[in-house]
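Please find below some notes on the model, set out point by point. They deal with strand pairing and then with backbone angles in two loops.

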Amino acid sequence: QVRLVESGGGLVQAGGSLRLSCVATGSIYSINAMGWYRQAPGKRREPLVVRTTGGSTNEADSVKGRFTVSGDNAKNTVYLQMNSLKPEDTAVYYCYAGIRRLGDRGPVDYWGQGTQGTVSS
């Protein structure tokens, strides 16, 4: 069974920083991408940044220059460094991974349980 375990959310003042971590565990054959989404109250879940295991990234315009994704392929881990946070960044942050288990024909989407990030004004 595959699990994504997140950590690092919390409460921070506007202008501050948070760092999120996510590790994928279980019967993993390969990972083609890991990244982060978020869902603010009353809004749909939106993609923030996705990093392929080859190192390329896709970022949402709303976080360019403020959020940085990094990862450790050997540890099946992805990080999100969030700087210059704004109250509108308040949301539940979800880790995402495209994972193929042994025997799977292709990658399957997996999600973490979510971690709350709150930015006060």
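1. This is a predicted model. In it, strand 3 and strand 8 (residues 77–82) run antiparallel and are joined by 6 bridges. One of the pairs across this join is Ser 21 with Tyr 79, the latter in strand 8.

2. Strand 3 (residues 18–25) also pairs with strand 1, again in an antiparallel sense, through 5 bridges. Among the partners, Leu 4 is matched with Ala 24 of strand 3, and Val 5 is matched with Val 23 of strand 3.

3. These pairings belong to an open sheet of 4 strands, ordered 1-3-8-7, with antiparallel pairing. Strand 1 (3–7) and strand 7 (67–72) are the edge strands; each has a single partner strand, so one side of each has no neighbour in the sheet. From one strand to the next, the twist averages 15 degrees.

4. In the loop between strand 7 and strand 8 sits Asn 76. Its phi is near 50 degrees, which is a positive value in a residue other than glycine. Is Asn 76 buried or exposed? Neither: the relative accessible area of Asn 76 is 23%, so the residue counts as partly exposed, given that buried means under 20%.

5. Ser 84 is placed in the loop between strand 8 and strand 9 (91–100). Ser 84 is also not a glycine, and its phi is positive, near 50 degrees. With a relative accessibility of 42%, Ser 84 is partly exposed, the cut-off for exposed being over 50%.

Note on methods:
Residues are numbered from 1 along each chain as its sequence is written. This is a predicted model: local features need pLDDT of at least 70, side-chain atom pairs count only at pLDDT 80 or more; totals for chains, interfaces and linings use all residues. Side-chain values use heavy atoms; hydrogens and water are left out. Two strands pair if DSSP finds at least two bridges between them. Helices (H or I, at least four residues) and strands (E, at least two) are DSSP runs, numbered from the N terminus. Axes are lines fitted to C-alpha atoms, for helices over the stretch in contact, and angles run from 0 to 180 degrees between N-to-C directions. Buried means under 20% relative accessible area, exposed over 50%, partly exposed in between (1.4 Å probe, protein chains only).
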